[in-house]
Amino acid sequence: MDDDQVLGFVHAYMKKKGFTQTGQAFQGELQHSRLESDPARYHDGYSRLRSWTYNSLDLYKHELLRVLYPVFIHCFMDQVAKGYIQEARNFFTSFREDHEIMHLRDLQQLEGVLSPSYLEEMEFAHSLRQSKVNINISQYSYELLMEYLHKTQSTTILGVINEHINFQV
């Protein structure tokens, strides 16, 4: 019996016993957790952040662009770590070009990450996952970024940033 069947039985039981509000809340939480585990959220979240960054005012764009590379590599590695290998490959291929000029060597190494065990075995990937990237950014650029992430409810990207980036404001 898989998880979906068990959850279906639990929901049916709650409904049968008259716990309609609890059942509805349970169903809402279930849908939310399915969205949270959807690997497409990395692609969509990064794509929206990328568009927003490139469309920002020139005065702040150069600072905001510095955030994209660490978010990109950690979105990729998070997907690999969760076993979404094909989705991670598609993500990597879709956005790799943005970072080739500045980070070609890193990208060539990361391209070899094909399973969660590679993340632990490959020293470069392991060190990236274990340390935070320091990014110097002005107060206003930082506030713009945080406001954008909260306004668009980009919880996946916000989580990646909180876990892997240390802003020097």
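**Close-up views of a predicted model**

**Overview. Contacts along the chain.** In this predicted model, residues 24 or more positions apart account for 64% of the contacts (heavy atoms within 4.5 Å) in the protein with a separation of 6 or more. The protein has 10 helices and 2 strands (DSSP runs numbered from the N terminus; helices are H or I with at least four residues, strands E with at least two). Along the sequence, their pattern reads α-α-α-α-α-α-α-α-β-α-α-β. Of the 169 residues, 36% count as buried (under 20% relative accessible area; exposed is over 50%, partly exposed in between; 1.4 Å probe, protein chains only). Residue numbers start from 1 along each chain as its sequence is written, and side-chain values use heavy atoms, with hydrogens and water left out. Local features need pLDDT of at least 70 and side-chain atom pairs count only at pLDDT 80 or more, while totals for chains, interfaces and linings use all residues.

**View A. The largest nonpolar core.** This core (buried Ala, Val, Leu, Ile, Met, Phe, Trp, Tyr and Cys residues joined through side-chain atoms within 4.5 Å) has 38 residues. Leu110 and Ile161 have the most contacts inside the core. At least two core residues come from each of helix 3 (40-54), helix 4 (58-81), helix 5 (85-95), helix 6 (100-110), helix 8 (123-130), helix 9 (139-151), helix 10 (155-164) and strand 2 (165-168). Helix 4 supplies the largest share of this core, 12 residues. In soluble globular proteins, nonpolar side chains tend to be buried together.

**View B. Surroundings of Ile161.** Ile161 is one of the two residues with the most contacts inside the largest nonpolar core. Not counting residues up to four places away in sequence, Ile161 touches Val67, Val71, Leu145, Met146, Leu149 and Phe167.

**View C. The two faces of helix 5.** The buried residues of helix 5 include Ala88, Arg89, Phe91, Phe92 and Phe95. These residues lie on the same side of helix 5, because they cover an arc of only 165° around the axis (taken from the directions from the helix axis to the C-beta atoms). An α-helix has 3.6 residues a turn, so residues three or four places apart point the same way. Which exposed residues sit on the face of helix 5 turned away from its buried side? Gln86 and Thr93 are carried there. Helix 3, helix 4 and helix 6 are among the elements that cover the buried residues of helix 5.

**View D. Ser141 in helix 9.** Ser141 is part of helix 9. Ser141 counts as buried because its relative accessibility is 0%. With neighbours within four places in sequence left aside, Ser141 is in contact with Tyr60, Glu63 and Leu64.

**View E. Phe167 in strand 2.** Phe167 is located in strand 2. Is Phe167 buried or exposed? Its relative accessibility is 14%, so Phe167 counts as buried. Beyond neighbours within four places in sequence, Phe167 is in contact with Val67, Ile135, Ile137, Tyr142, Leu145, Met146 and Ile161. The C-alpha atoms of Phe167 and Ser138 are separated by 9.3 Å, and these two residues are 29 residues apart along the chain.
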